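Student: Please take a close look at one part of this model for me: the salt bridges. I'd like to know where the partners sit, and then how that part fits with the rest of the chain.

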Amino acid sequence: MKEVIVTLSGGLGNQMFQLAAGRALALREKANLSADITPLLRYGQRTYGLGDFQLGTHVRLQAGAASRRFSRLRRLARRIFMGEQLFKEASFAYDDRILQARAPVRIDGYFQSERYFAEAATEIRADFMPRTEKQAGIDELAARLLPGQPSVSLHVRRGDYTDPAVIKVHGLMGADYYERALQLIAEKAGTCVVCVFTDDPVWVRSNLSLPSDARFVSEHTKSAMEDLMLMSRCSHHITANSSFSWWGAWLNPSEHKVVVSPARWFQPDSGIDARDLRPQGWLQA
């Protein structure tokens, strides 16, 4: 059968974008879906993060040699003997050339736009639900940690984003952004319980003026997948400039959700064109 191969790199949010684009293409081409995790193994900074999702039933993992030279020779052989195409994303903005891609094909890029998989949104949301054996645990966490009334997820990412080299590209969301975002939520959605997801709760408590009933959800979870699933179950969303909370908001299928995202996702002098990153209807603060 024909095959779509996705080259995976980066953290959980990046991998989700890459496999979502590949999954939509595989559905369109009626092809098998494979994920090449060689870059994750080669650099050792990230690991494959999607094994606990339903998507695992659709994707086959493969890994080439650690040697770049051998990997290039292997891909060349596949192109010569199997007719495998290579689709490399031209820029960070949506690249409509993917509509002409035909399996067998290898795709390589970030694919950080809903436009790559909007036609398969129902399937993608189902793919990124927990595997059956994980579902009961997520339900229990949601019942214990999330309120039974309207809520808003608030994601504060610091950690690696405080590295000066990373700040030059991404920037770092400060308290002023979250104040504007909370005001927008109040105007558009009314009173909501704030559910905080963060890798730096000390900074959040010291710098953000939150209601007394705010819940620091991520202090009670054990994995990124648990955080993502609980984030997606909130009524509304305030994202960081992070693909992780992008997915937390997008996985919520509600037509009535209010999503507030940073007006500036990357630093102005980064040269990154993020015009297609934000889905239609998301607000900016």
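**Salt bridges in their setting**

Tutor: Let's get our bearings with the protein chain, which has 10 helices and 11 strands; these are DSSP runs numbered from the N terminus, with helices (H or I) of at least four residues and strands (E) of at least two. This is a predicted model, where local features need pLDDT of at least 70 and side-chain atom pairs count only at pLDDT 80 or more, while totals for chains, interfaces and linings use all residues. Residues are numbered from 1 along each chain as its sequence is written, and side-chain values use heavy atoms, leaving out hydrogens and water.

Now to your charged pairs. A salt bridge here is a side-chain nitrogen of Lys or Arg within 4 Å of a carboxyl oxygen of Asp or Glu, and the count comes to 18. Start with Arg102 and Glu29, whose closest N and O atoms are 3.9 Å apart. Arg102 sits in the loop between strand E4 (85-88) and strand E5 (105-108), while Glu29 belongs to helix H1 (residues 12-29), so this bridge ties together parts 73 residues apart in sequence. Glu29 is buried at 9% relative accessible area, whereas Arg102 is partly exposed at 39%; buried means under 20%, exposed over 50%, and partly exposed in between, using a 1.4 Å probe and protein chains only. These two don't work alone: Lys2 joins Glu29 and Arg102 in a network of salt bridges.

Next, look at Lys134 and Asp52, with 4.0 Å between their closest N and O atoms. Lys134 is in helix H5 (residues 132-145) and Asp52 in the loop between helix H2 (38-43) and strand E3 (59-62), so distant parts of the chain, 82 residues apart, are linked. Both partners are partly exposed, Lys134 at 36% and Asp52 at 31%.

A third pair is Asp200 with Arg158, at 3.1 Å from N to O. This one links two loops 42 residues apart: Asp200 lies between strand E7 (193-198) and helix H8 (201-207), and Arg158 between strand E6 (151-156) and helix H6 (164-170). Arg158 is buried at 14%, but Asp200 is partly exposed at 22%.

Helix H1 turns up again on the nonpolar side. A nonpolar core is a set of buried Ala, Val, Leu, Ile, Met, Phe, Trp, Tyr and Cys residues joined through side-chain atoms within 4.5 Å. In the largest one, of 61 residues, Phe117, Phe128 and Trp247 touch the most other members, and H1 gives the most to this core, with nine residues. Beyond its neighbours within four places in sequence, Trp247 is in contact (heavy atoms within 4.5 Å) with residues including Met16, Phe17, Ala20 and Leu228. Apart from this core lies another of 23 residues, among them Met173, Tyr177, Ala214 and Val258.

What about covalent ties? There are zero disulfides, a disulfide being a pair of cysteine sulfur atoms within 2.5 Å. Cys234 is in none, with the nearest cysteine sulfur, that of Cys195, 4.2 Å away.

Zooming out, long-range links show up in the contacts too: of those between residues at least 6 apart in sequence, 68% join residues at least 24 apart. And 50% of the 285 residues are buried.
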